[in-house]
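Hi,

Here is the structure I promised to pass on. Have a look at it first, and then read on for what turned up.

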Amino acid sequence: MRTRTKAVAPALALLLAPLATACGGDASGASGPRTVTVTVGYQSKTINTVTAGTLLRSLGYFEQELAARGKQDGITYKVDWQDYATGAPITAQMTAGKVDIGSMGDFPLLINAARGKELKQPTRLVAVTGYNLRGGLNTVVTAPGSKLESLADLRGKKVSTSVGSAADGTLVRALQRAGIDPGSGIQKLNQQPSVGASALQAGSADALSQFVAWPGQLAYEGRAKALYDGAELNLPTFHGVTVREKFGRERPGVLEDFLRAQRKATDHLRTEPVAAAESVAKETGLPPEVVYLYNGANGIATFDPALRPELIDALKQDVPVLKDAKLVGDMDVDAFVDPEPLKRATAGGPEYPKAAAPRAELWLRGQSRTQSFDSPRELLKAARGADVRAAYVPDAVTGTLWFADKAVWVAEGAELRAFVTPAGATAYVGQHQGGGARIVSFAEAGALVP
């Protein structure tokens, strides 16, 4: 028996060798490559990357594109989807040659470029997933009962964030505008989003600065309230798709397949936003109402793979912030951006329109479509007596969508306006005292609608 086992093992290994897989590579038999595995790093709970991750994976569009390619070249293509909490581990895996394609936020993308160059595994930015032209994808929140009312109140406080993330970038810039030194003016806690959320709840952090979907989820569940709306910066923020340069060079067709599939997933999300939100919620365990806040028809994120000039310009403005934190050195952003694969993949396809002004939106229970309204007042009227699943209103100044029952409301004559933060509402009231503007509760706002 022992002799037979020794004889079979090498033979079995030889038989299985052509079926083995490797990241971005192939397993070759006597007649050439037979199997190619493409490894995709994504962040399931960073839900404005879903068109290159969670949603794309559930729809199977990438696998369909690869199956069609396989029929032409006789290769079996497989996809290895690897889920991470932030962009940093995706970059680590890419620079180790273990992940081919990844999606992450704007600040992590720059670190991805810097690390790739340093470790001789250069990467390229090839597409965008979701963006917000004002920066509304990042939010600073505090505990529900916190006495903190504005960013200025954070001086000397413990603030949790993920250093090097887009949310950290928002925090740094916001503090600077408030006249607070980001390095010495607060006690910064470098924590994963889930750890920071727990720290906020436990009272070991006074505030939390994070990216989608953490602020919305914590607010929806009553575990936090918004302190600072990232859209107040009025600087674009986005998430995008990065690829190992070597992989893109060796497998250009596969990269284009991915980008075509991403475009199909984007089409699906834009035409069926409720179904897409339900699907992402099922895959991630997030509440569908939270997913829709960001990814809905009037959501905080706009989905479009295009490498818009204003987004690339914003990326260039991010470099000094990361340099000050000693996370990157001098960078050539233009050399990092490669629009050609997307152009080839989507040639002939129509362009998406730019993000439109957000509108109030009502999601009734049992409905697969939502209703949009020109004003928060109209939404409140339609919601009266209805079985409401979720109601969303845009901030009167920044346009950031927020849950109607979590927003801060201002009544001014017959007009009703909503704000993401108390500071935003207070500032508006201070500027419109002549018109009798005053802060009211959500219930009071509803009662003011005849």
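By a nonpolar core I mean a set of buried Ala, Val, Leu, Ile, Met, Phe, Trp, Tyr and Cys residues joined through side-chain atoms within 4.5 Å. Please keep in mind that this is a predicted model.

The largest nonpolar core has 48 residues, and Ile-47, Tyr-294 and Trp-409 have the most contacts inside it. Among the elements that give two or more residues to this core are the helices α11 (273-284), α12 (288-295) and α16 (376-383), along with the strands β13 (360-364) and β15 (388-394). A second, separate core has 29 residues, including Leu-110, Tyr-131, Ala-166 and Val-321.

Val-321 also appears among the buried residues of α13, as do Leu-311, Ile-312, Leu-315 and Asp-318. What do the buried residues of α13 pack against? They pack against α5 (106-118), β5 (123-132), α6 (166-177), β11 (237-244) and α14 (333-336). The length of α13 also checks out: at 1.5 Å a residue, its 16 residues (309-324) should span 22 Å, and its end C-alpha atoms are 24 Å apart, which agrees. Just after α13, Lys-326 has a positive phi of about 60 degrees.

Now to α5 and α6. Their axes come within 6 Å and cross at roughly 110 degrees, which means that α5 is roughly perpendicular to α6. Asp-106, Phe-107 and Pro-108 of α5 meet Ala-166, Gly-169 and Arg-173 of α6. By class, this contact has three nonpolar, one polar and two charged residues.

Happy browsing, and best wishes!

Technical notes:
Residues numbered from 1 in each chain as written. Predicted model: local features only at pLDDT ≥ 70, side-chain atom pairs only at ≥ 80, totals over all residues. Heavy atoms only, no water. Helix = DSSP H or I, 4+ residues; strand = E, 2+ residues; numbered from the N terminus. Expected span 1.5 Å × (residues − 1). Buried < 20%, exposed > 50% of the residue type's maximum accessible area, 1.4 Å probe, protein only. Contact = heavy atoms within 4.5 Å. Axes fitted to C-alpha atoms, helices over the stretch in contact; angles between N-to-C directions. Parallel < 35°, antiparallel > 145°, perpendicular 65-115°, else oblique. Nonpolar A, V, L, I, M, F, W, Y, C, P; charged D, E, K, R; others polar.
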